[in-house]
Amino acid sequence: MAIATVLVCSCWPRAARADLDGVPRVIALGVGLSLLPSELGGDLALGAGGSGRFLAAWSFQIPVAPDSAGSETAVGSNHRVVLAPGLALGEQLGAVAGEKADVTFRARAGYRGVYHPSGGVFGFLAGLGTTVEFWPVVRPSVSPELGLHVGACCSRLSANATLILRGDGWLAGPDALRASALVGWAFY
């Protein structure tokens, strides 16, 4: 959230930064953007009688290694640690018969690599992580992801859309396999 605020403030035109009257609007815009979920989508249980859920997540991507000199991909880092708290809205069965929840808090941590050619509109991303759900049963997953990175490249302040397909192999509880599709945005 703070990253979005800093990026919005830093890309505001110099005239607006020199004029202190524009500063509250820039801060308000940055705070407002950081409160919006950065990923929206759904997931579906792949077993018999699979149920679907709506997903909302607040994904933070932290660069872990700079690009090499002369790179033809995005400025900054193509290697990121992803931290994403989120909510799953829809029926989730628990480990005990009859136990269920309509809202599940979840958190995801993982690695994401992005290849986005300089000057290109489309890039690709791939990652591996784990999602932990906390109710009605605490359970981690192994979850690979593939996706598209769409938008102007290659500036540290470019906003890009993402389309991500992810699978979750849960290590506990019902609905052991789930597939999800997410649409989102990111500053990088």
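## Confidence of the model

In the protein, mean confidence reaches its lowest value, 45, in helix α2 (residues 14–18), and its highest, 96, in β2. The structure is a predicted model, with an average pLDDT of 80 for the protein. A score of at least 70 is reached by 78% of the residues.

Over residues 1–19, pLDDT stays under 50. For this segment the model has 26 contacts beyond four places in sequence.

## Overall architecture

The secondary structure consists of three helices and nine strands. Along the sequence, these elements follow the pattern α-α-α-β-β-β-β-β-β-β-β-β.

Of the 188 residues in the protein, 39% are buried. The protein exposes about 9500 Å², and carbon and sulfur atoms supply 73% of that area. When contacts between residues at least 6 apart in sequence are considered, 53% join residues at least 24 apart.

## Cavities

Rolling a probe the size of a water molecule over the atoms reveals where empty space remains. In this model, the count comes to three cavities of 30 Å³ or more. The second largest cavity has a volume of about 130 Å³. Its lining comprises 15 residues, of which Glu-39, Ala-57, Ala-84, Arg-106 and Arg-166 are the closest to its centre.

Two or more lining residues are given to the second largest cavity by each of β2 (52–57), β4 (79–93), β5 (100–115) and β9 (177–187). Strand β4 provides the largest share of this lining, with four residues. By character, the lining of the second largest cavity divides into eight nonpolar, three polar and four charged residues.

## The environment of Thr-131

Thr-131 is found in strand β6, which spans residues 122–133. Is this residue, Thr-131, buried or exposed? Its relative accessible area is 1%, and because buried means under 20%, Thr-131 counts as buried.

Leaving aside residues up to four places away in sequence, Thr-131 touches Arg-106, Ala-107 and Arg-108, together with Arg-139, Pro-140, Ser-141 and Ser-143, and also Asp-168 and Trp-170. One of these contacts, Arg-106, is also among the residues closest to the centre of the second largest cavity.

Conventions. Residues are numbered from 1 along each chain as its sequence is written. This is a predicted model: local features need pLDDT of at least 70, side-chain atom pairs count only at pLDDT 80 or more; totals for chains, interfaces and linings use all residues. Side-chain values use heavy atoms; hydrogens and water are left out. Buried means under 20% relative accessible area, exposed over 50%, partly exposed in between (1.4 Å probe, protein chains only). Contact means heavy atoms within 4.5 Å. Accessible areas come from the Shrake-Rupley method with a 1.4 Å probe; for residues, only the protein chains shown count as cover. On a 1 Å grid over the protein atoms alone, a cavity is a set of points where a 1.4 Å probe fits but cannot get out, and a pocket is an open set with protein on both sides within 12 Å along at least five of seven lines; lining residues have an atom within 4 Å of a point. Grid points are joined across faces, edges and corners, and a volume is the space filled by probe spheres set on the points. Ala, Val, Leu, Ile, Met, Phe, Trp, Tyr, Cys and Pro count as nonpolar, Asp, Glu, Lys and Arg as charged, and the others, Gly among them, as polar. pLDDT is the predictor's confidence in each residue, from 0 to 100.
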